[in-house]
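Trainee: I am new to this model and would like a close look at one part of it, with the reasoning spelled out step by step. Please take me from there to whatever surrounds that part.

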Amino acid sequence: MGNNEKAISSLERTLQLSPSLSSARYLLASMKWQNGSKIQIEEKDKLAHFRDLFDFYAPSYDDHMRNSLLYTGPRLLRSIVRKATNATFSDFDEYTQKSYNYDVLNYLNSSLTILDLGCGTGLCGSWFKDYSNRMVGVDISQTMIDMATKKGCYDKLVQDDMTHYLYSEAKNYYDLVVAGESLQYIGDLYQVFKEVFRVLKQNGFFSLVVPMSTKNESFELNSEGTYAFGLKYMENLATNVGFQIYYIQSISSRIDKGVPLPGILAVFKKTQK
């Protein structure tokens, strides 16, 4: 019996004893999906699993990401947002450019309204604090939110599922939405992209880092219950929603068991209202 089959058998025994364990139900469904059984993934089980996981993980999260996984996602996001803004500042209307003395650095300096999706402990927020006039962080884990509060990066922190939160936000409100290694807990990203497009101002950016699928042009669910995405899927999704693709490339933002993990770094721009 392979490791996956052993894990499935163990989870099935666990659920016989405790049928209400959401994490066990979600992981069992993920592993069976990997084995070819396309069973229904319950959204409530998925949300409960990741909420519980990150409530447990939060105290050691920063140390593990920085020192064990050598995570560089926030630095990569800041760098590409800076480049995108430099390259497209002239797209703003004359009044906006004049109000910042025609200087992109003045625009970036404490002037942006930013939404950090899946903010976690605030690793991304720390890299964008000096760009923000107002920054909102959203995460499903209250313990992660508590850790982010200590960093002092955010003007508002909300414990919520990111898709649900986006539905509640105003149209054309944000200059920048960032998602650093948080979209792999969602699956199909259509609703997230659609809502991010809605809440962004014209000329606003959506910048993200996600794991890349090397086997599937769409997206795939792995046995740990997280998703990886194909480059074509991300490109097609962005353009179908209405974004202009400023940048999308395969990169690696962290290691896994000593090996660079394939990822995607992207910046999408809202050029239409």
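Mentor: Let us begin away from the centre of the discussion with Lys 150, which is found in helix H8, residues 142–151 (helices, H or I, are DSSP runs of at least four residues and strands, E, of at least two, numbered from the N terminus). Lys 150 counts as exposed because its relative accessibility is 69% (buried is under 20%, exposed over 50%, partly exposed in between, with a 1.4 Å probe and protein chains only). From C-alpha to C-alpha, Lys 150 lies 27 Å from Ile 80, a residue that is 70 positions away in sequence. Please keep in mind that this is a predicted model, in which local features need pLDDT of at least 70 and side-chain atom pairs count only at pLDDT 80 or more, while totals for chains, interfaces and linings use all residues. Residues are numbered from 1 along each chain as its sequence is written, and side-chain values use heavy atoms, with hydrogens and water left out.

Leu 53, which has its place in helix H3, makes a useful second case, since its relative accessible area of 34% makes it partly exposed. The C-alpha atoms of Leu 53 and Asp 63 are 16 Å apart, although ten residues separate the two along the chain.

The part to study closely is strand E4, residues 174–180, where seven of the seven residues are buried. Strand E4 pairs with strand E1, residues 112–117, in the parallel sense over three bridges (two strands pair if DSSP finds at least two bridges between them), and within this pairing Asp 116 has Val 178 of E4 as its bridge partner. Strand E4 also runs parallel to strand E5, residues 200–211, to which six bridges join it, and here Gly 180 stands opposite Val 209 in E5. Between E4 and E5 the chain passes through helix H10, residues 190–199, making a β-α-β crossover that is right-handed (with the strands pointing away from the viewer, the path from the first strand over the helix to the second runs clockwise).

Helix H10 leads us to the aromatic rings, for the structure holds 22 aromatic pairs (ring centres of Phe, Tyr or Trp, the last by its six-membered ring, within 6.5 Å; planes under 30 degrees apart are stacked, over 60 edge-to-face, the rest tilted). One of them joins Phe 193 and Phe 268, a tilted pair with 5.8 Å from centre to centre and 50 degrees between the planes. Phe 193 belongs to helix H10 and Phe 268 to strand E11, residues 263–269, so that this pair links distant parts of the chain, 75 residues apart. Both Phe 193 and Phe 268 are buried.

A further pair involves strand E5: the rings of Phe 206 and Phe 243 have centres 6.1 Å apart and planes at 35 degrees, and therefore count as tilted. Because Phe 206 lies in strand E5 and Phe 243 in the loop between helix H11 (231–241) and strand E8 (244–251), the pair ties together parts that are 37 residues apart in sequence. Phe 206 is buried with a relative accessible area of 0%, and Phe 243 is likewise buried, with a value of 4%. Elsewhere, Phe 50, Phe 54, Tyr 57, Tyr 61 and Tyr 185 form one aromatic cluster.
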